[in-house]
Amino acid sequence: MTNLLSQTWFIALMSVTLIGAVLSAVHHAEVIAHKTGEPYGTLVLSISVTIIEVSLIISMMLTGHEGSEFIARDAVFATVMIVINGVIGLCIFMGGLTHHEMTFRNEGTNSALAVLTALATFILVMPIVTVSTPGPDFTKSQLAFAGIASFALYIAFLFFQTVSHRDYYLPKTEDKKTDINFHALKPSNIKTAVSGALLILSLITVVGLAELLSPAIERGVAAAGAPKTIVGIAIALLVLMPEGFAAVRAAKANRLQSSLNLALGSALASIGLTIPTVAAIAIFFNLPLSLGISDLNMTLMYLSFFIGALTLAIGRTTLLQGVVHIIIFLEYLFLSLVP
């Protein structure tokens, strides 16, 4: 009884600390975003979280415990589903409650969704249909090519987003007029540098706490008799908390463009940076790596991309679209528990 009580207090303390670290990360990310402007600001948080997430995945792979070959697959797929349905759906829903209808630049979001669809297909679907190896696996040459192709696509998207077509990812003129953050004075260089350092510290804290909480999550999943993929979903949810919280805050402030930049950028970075790194580690250390998803998950993923394309097609969103994405997300969670 005493041991159970001490574990409960430990989990509660870690949870409170995690929430504090998330709020800290969001605040410092917003300071940097205001200094650098869109879309550079949203890139800072999404790439920072992804780099730390990559470190977490690789460390778990190198331990070689049972199921380590599925960690990258579960994390990447969970990130895509959480972002496309959970984060975007919640942003549209919460923003719709306050503002009824929100606008954004569909040129940029459609381009991002196209790249994300290609990346997800390369990494999560192609291993299922290739015939050089049995099961949901790539050969080493296929894995190397998939990693290079993913990185090349992500770099091409970054160039498109930040250099050649940056205006596609900036808020519309009418949205800038009502955005108090857009007209506020930019923070000083010193304040921005301090926020950058504290952002990294906050993100390391978030991932570290997620790692500390994962054994408790694993025990809870095992006690409930749920599939092991739930562990990957839970850890992905914890790691994505700073990005999700920042995206929802932006949407409630009628800055849906920033929300979508952050959400889609997170999903793109999750594949475009994670998979090349994981592939290189797996090939170099001769580690097993299985990336192909099940038919059920493939159906849910392409349903998400199809509905996402409809949502982002016209540059306007209403509360109903948010409800649709949230229901798909809940369906994904339920079918992960009861496949």
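Biologist: How much space lies in the second largest cavity?

Modeller: This is a predicted model, where local features need pLDDT of at least 70, side-chain atom pairs count only at pLDDT 80 or more, and totals for chains, interfaces and linings use all residues. Residues are numbered from 1 along each chain as its sequence is written, and side-chain values use heavy atoms, with hydrogens and water left out. A cavity is a set of points, on a 1 Å grid over the protein atoms alone, where a 1.4 Å probe fits but cannot get out; points join across faces, edges and corners, and volume is the space filled by probe spheres set on them. The structure holds 3 cavities of 30 Å³ or more, and the second largest has about 40 Å³.

Biologist: Which elements give two or more residues to its lining?

Modeller: Lining residues have an atom within 4 Å of a point. Here they include Gly108, Phe157, Tyr169 and Leu264. Helices are DSSP runs (H or I, at least four residues), numbered from the N terminus. The elements are α4 (106-129), α5 (140-164) and α11 (256-272).

Biologist: Which residues do ring pairs link into a cluster?

Modeller: Rings of Phe, Tyr and Trp (its six-membered ring) pair if their centres lie within 6.5 Å; planes under 30 degrees apart are stacked, over 60 edge-to-face, the rest tilted. The structure holds 7 such pairs. In one, Phe160 and Tyr168 have centres 5.8 Å apart and planes at 65°, so the pair is edge-to-face. The cluster is Phe157, Phe160, Tyr168 and Tyr169.

Biologist: Are Phe329 and Tyr332 buried or exposed?

Modeller: The two form a tilted pair, 6.2 Å centre to centre with 40° between the planes. They sit 3 residues apart in α14 (residues 319-337), so about one helical turn separates them. Buried means under 20% relative accessible area, exposed over 50%, partly exposed in between (1.4 Å probe, protein chains only). Both Phe329 and Tyr332 are buried.

Biologist: How far apart are the end C-alpha atoms of α3?

Modeller: Expected span is 1.5 Å times one less than the number of residues. With 29 residues (71-99), α3 should span 42 Å. The model agrees: the ends are apart by 39 Å.

Biologist: Where is the kink in α3 centred?

Modeller: The bend at a residue is the angle between axes fitted to the seven residues ending there and the seven starting there. In α3, 23 of the 29 residues are buried, so the helix is largely enclosed by the rest of the structure. The kink is about 35°, centred on Val83.

Notes
1 Å grid on protein atoms, 1.4 Å probe; cavity = no way out; pocket = protein on both sides within 12 Å on 5 of 7 lines; lining within 4 Å.
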